[in-house]
Amino acid sequence: MPPGLNPAQQDAVKTLKGPLLVLAGAGTGKTRVVTHRIAELIRSGVKPDRILAVTFTRKAAGEMQERASGLLPKKRKRTNKQAESKKEPRPEISTFHSLCVRILRRHISKLGYPERFTICDRSDQESQARSALREIRAPNAVIKPADLLGCISRWKMGSVLPPDAIGLAETDRDHLAASAYRRYQNNLKKAGVVDFDDLLLLTEQLFVNFPTVRRDEAGRFDHILVDEYQDTNHSQYEIVRGLAMGHRNLCVVGDDDQSIYAWRGAEVTHILRFKEHWPDAKVVRLEDNYRSQSPIIDYANTLIAFNKERHEKRLVPFRIGQAKPRIIQMKDESEEAQRVVADIQQLLEHGGWGLSGEARERFLQENGRDAQVRPSDIAILFRTNEQPRAFEAELRAANLPYVLIGGMSFYDRREVRDVMAYLKLIANPDDEPSLLRILNCPPRGIGDGARKRLVETAVERAVPLWHVLSSGRELPQITDAARRGVYELRDTIEGWRQQAASTPLPKMVERVLSDVRYHAELARLYQDPNDREARTAAIEEVVNAAADFESKQGAKTDGLGLVPDFLDEIATGDRSDSDDKENQLNRDAIALMTLHAAKGLEFPHVYLVGMEETILPHKRSIDMGEVAVAEERRLAYVGVTRARDRLTLSMALTRRKWGKSRDTLPSRFLYEMTGQADNPRYMESKRGKKEPAKGTHKRSTSSKAKSRKANR
DNA sequence: GCACTGACCGTTTTT
DNA sequence: CGGTCAGTGC
């Protein structure tokens, strides 16, 4: 990237007042603009702590923080750095979710929730969904917990509350789901538990129903900046509006072409209609792409032009290059993996591109580095999580270092979740999902029978489960062993709650582990020493994370100490916490990840694999129709624009699914980006249909392209 | 209360 | 094919 800012970038940086929409295409220096703008605001006299920047991921927030602090005037004397950074006001840079947690911590009681709420995760949600369905006696065949969660999530994303959902229900099934939703929500509320969608939804409700709260929160900032605005859902839109409507100093940055989260409630309309929502808004377009070589940009532009609903823009490549993206076609998915891995091996051994002599010299001159490729320069991107399997196997066989980004995260592991459940109970013993989780783990004599009776009693008395254990009232008829277990558990948790304020956080975690004899439990459960060691290490990591958190936050000796704060941090943080994803990407290894996980990243060499109908436009999206396919196209666009130097698109002619192998069709996006499909938007259809794939197979792909088009 | 077994069933992405 | 879950036997 050239030094300094180009005129468009400067325009975006220097426009400090009023609504501003920055349409920033892929690789156009968006992050740079955002951080420079923050610095510019401060330079112009805005107090740093009057600025709020909102991002979607923890990682983006961290990155922005780091870059922005590099740009801020460095007037600090090099004395006591810690004390200094504490009192020096800084811009607030946080994710939507942690922003909402902080707002809810102040006001949630107005919505009838207990102040000490805890945040539950996906599998807690599942168990809550299950019990809600049990309560209304919905047969499992009609609606499964996962289906219910899907409905609930969709409702919440559209700000639909249980009564509305019941009103809207047309089919019996909807009705069932709606009444389960009501149960689910009531149960969570009673237990003082909020799920992930609630963080946003409840904040929105606060703003809408309590204007004083909205004004109060809005009054904390004079300038608001929202990154990845194309990903805002309804609640986020309302929250942003509520915060910015007073001063109107709202800058949103995003790229409608990279909106890939509609399924999670994101509405592109927010960025498409920004001018309508804020009529005095200024619009700045960033279209100079500094990332990718021109042939890659050509593909990207041609592809995305097939989408109808978008802000018209066209990436202009800054880096002119010759290497066209390659398309390779293999017999099946295992050959696809073999071929890609062999290619990578070649790349690593012989330097990028297999360049030599003069070409290599030129590369060095143009790019300021040798064509030498390191594993971390390479990424394999795919649509679905089953795809990486074959690649992992091949990479392992070839003894190449790789990291699978995403997948099971640290905080999803069973043992870690157990520990977290205990900690959540310290913060909020009414948290029923957590209490149920550890009720008999490690085993303390409370079997299924006892558990069932305890829950029944809680429902009968209409109190949280914890009250049944702790209120001193008669326990239901359970075995003596169960009774002893219940009392022991109750006393232990009450003891922790008393010690929490006076005990350092990591000590507290250790105490929990030793009080419940968790290590012994691990030893009992996992005889295999390797397994046991891994799991012990995992809970050790929780202690470390606690220690890290405490040293970052500073100790707290009132209330429940740092326990609640720690839990908030973990729940809203990017699940693979600070060191994980970051370190993984820094480790010199080939990155394997989904297209969704790749947003915002870039790699010199990108392999976009599985370019087939039913995978890249995913079958489900194809079935759903044009709008869904448009999102798949954006996904492909995101993948293509991750590549700096070389892009390789690959597909398999047959693919095994559940044991059976089936023929595939090349992704329509291959035809589109190579100019072999007619773009109805530009009637300049290109003649001369070439094979999109240079594979060795005889199959006529172009005839298929024709027949596909005929079907439209 | 727990470990083992076989039947069944599924297609996406995740803050 | 591989994961999940209910059901069985200790």
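This briefing describes how the protein meets two DNA strands, how one of its sheets is ordered, and where its pockets and cavities lie. The structure is a predicted model, in which local features need pLDDT of at least 70, side-chain atom pairs count only at pLDDT 80 or more, and totals for chains, interfaces and linings use all residues. Residues are numbered from 1 along each chain as its sequence is written, chains are lettered from A and ligands numbered from 1 in the order in which they are written, and side-chain values use heavy atoms, with hydrogens and water left out.

**DNA strands**

- DNA strand B is surrounded by 23 residues, of which F56, R383, N385, G447 and D448 are the closest; a residue counts as near a strand if one of its heavy atoms lies within 4 Å of it.
- Of the atoms of DNA strand B that come within 4 Å of the protein, 45% belong to sugar and phosphate.
- The surface near DNA strand B is made up of 7 nonpolar, 9 polar and 7 charged residues. In this scheme Ala, Val, Leu, Ile, Met, Phe, Trp, Tyr, Cys and Pro are nonpolar, Asp, Glu, Lys and Arg are charged, and the others, Gly among them, are polar.
- Two base oxygens are named in contacts with DNA strand B: one lies 3.4 Å from a polar side-chain atom of H97, and one lies 3.0 Å from a side-chain N or O atom of K657.
- W658 places a polar side-chain atom 3.3 Å from a base nitrogen of DNA strand B.
- W658 also appears around DNA strand C, together with R389 and G659.
- For DNA strand C, sugar or phosphate supplies 38% of the atoms within 4 Å of the protein, and bases supply the rest.

**The six-stranded sheet**

- An open sheet has 6 strands in the order β11-β16-β15-β12-β14-β13, paired in parallel. Strands (E, at least two residues) and helices (H or I, at least four) are DSSP runs numbered from the N terminus, and two strands pair if DSSP finds at least two bridges between them.
- β11 (326-330) and β13 (402-404) are the edge strands; each has a single partner, so one side of each has no neighbour in the sheet.
- Strand β12 (residues 378-382) runs parallel to strand β14 (residues 590-594), and 4 bridges join them.
- Within this pairing, L381 has M593 of β14 as its bridge partner.

**Second largest pocket**

- The second largest pocket holds about 970 Å³ of space.
- It is lined by 27 residues, and S131, R134, E432, L436 and V455 are the closest to its centre.
- Two or more lining residues come from each of α6 (122-135), α9 (172-191), α20 (432-438) and α21 (448-461); α6 gives the most, with 8 residues.
- By class, this lining has 8 nonpolar, 5 polar and 14 charged residues.

**Cavities**

- The whole structure contains 6 cavities of 30 Å³ or more.
- The largest cavity has about 50 Å³ of space and is lined by Q65, A68, S69, L72, R90, P91 and I93.
- Helix α3 (residues 58-71) gives the most to the lining of the largest cavity, with 3 residues.
- The second largest cavity has a volume of about 40 Å³, and its lining consists of K156, M157, D197, L200, L201, N233 and S235.
- α10 gives the most to the lining of the second largest cavity, with 3 residues.

Definitions and conventions
A polar contact is a pair of N or O atoms within 3.5 Å; within protein, one must be able to donate a hydrogen and the other to accept it, and residues adjacent in sequence count only if both atoms are side-chain atoms. On a 1 Å grid over the protein atoms alone, a cavity is a set of points where a 1.4 Å probe fits but cannot get out, and a pocket is an open set with protein on both sides within 12 Å along at least five of seven lines; lining residues have an atom within 4 Å of a point. Grid points are joined across faces, edges and corners, and a volume is the space filled by probe spheres set on the points.
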